[in-house]
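Dear colleague,

Please find below the sequence and structure that I am handing over to you. My notes on what was found follow directly after.

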Amino acid sequence: MLYVIIGLKETHGLAVKTELDDYYEQEINHGRLYPNLDNLVENCLLEKGELDERANVYTITPRDVREIEARRDWENQYLETVGLQPPLQE
């Protein structure tokens, strides 16, 4: 979810859901999506604000960038063991 939110211009719940639906090629249940978003907010991995009366907007925190970088480093160490090159970082 963090990767999706970092990559989206519009970071309201429905936009996140649409992107995840496309990635997983199946519909993500609202009852799963929003509790997971709230969990990320509670764990200080996202900030939640109001877009309008019906929608919330989610933004990344500095911790997100650190968590994603740590995840990429972890993945890259395993890719290197099988001879795969990690993607170039911008």
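R71 has a relative accessible area of 42%, and therefore counts as partly exposed. Please note that this is a predicted model. The partner of R71 in a salt bridge is E75, with 2.8 Å between the closest N and O atoms. E75 is likewise partly exposed, because its relative accessibility is 32%. Both residues belong to helix 4, which covers residues 62-81, and since they are four residues apart there, about one helical turn separates them.

A second group of charged residues deserves your attention. K17, D21 and E27 are joined into one network by salt bridges that share partners. Within this network, K17 pairs with D21, and their closest N and O atoms are 2.8 Å apart. These two are also four residues apart, in this case in helix 2, so about one helical turn lies between them. K17 is buried, its relative accessible area being 5%. D21 is buried as well, at 16% relative accessibility.

K17 has a further salt bridge, with the side chain of E27, at 3.5 Å from N to O. Here K17 is in helix 2, whereas E27 is in the loop between helix 2 and helix 3, so the pair ties together parts that are 10 residues apart in sequence. E27 is exposed, because its relative accessible area is 61%, and the cut-off for that class is over 50%. In total, the structure holds five salt bridges, including those described above. As a general point, side chains of opposite charge can pair when their charged atoms come close.

I turn now to the nonpolar residues. The largest nonpolar core has 13 residues, and those that touch the most other members are L2, I5, V16, L20, L33, L37 and L46. Three helices each supply at least two residues of this core: helix 1 (2-7), helix 2 (13-24) and helix 3 (30-42). What does L33 contact, once its neighbours within four places in sequence are left aside? The contacts of L33 are M1, G13, V16, K17, L20 and I28. K17, described above for its salt bridges with D21 and E27, is thus also among the contacts of the core residue L33.

Another residue of helix 2 is A15. Is A15 buried or exposed? A15 counts as buried, because its relative accessibility is 16% and the limit for that class is under 20%. Apart from neighbours within four places in sequence, A15 is in contact with L8 and E10. Between A15 and N36 there are 15 Å in space, C-alpha to C-alpha, and the two are 21 residues apart in sequence.

Finally, there is a nonpolar patch on the surface. I6, I60 and V65 make up this patch, which has an area of about 210 Å². One of these residues, I60, is in strand 2, which comprises residues 56-60. I60 is partly exposed, because its relative accessibility is 34%.

I would be grateful if you could look through these points alongside the structure.

With kind regards

Methods
Residues numbered from 1 in each chain as written. Predicted model: local features only at pLDDT ≥ 70, side-chain atom pairs only at ≥ 80, totals over all residues. Heavy atoms only, no water. Core = buried A, V, L, I, M, F, W, Y, C linked by side-chain atoms within 4.5 Å. Buried < 20%, exposed > 50% of the residue type's maximum accessible area, 1.4 Å probe, protein only. Contact = heavy atoms within 4.5 Å. Patch = residues over 30% accessible without salt bridge, like charges linked within 9 Å, V, L, I, M, F, W, Y side chains within 5 Å. Areas by Shrake-Rupley, 256 points an atom, 1.4 Å probe, with all protein chains shown as cover. Salt bridge = Lys/Arg side-chain N within 4 Å of Asp/Glu carboxyl O.
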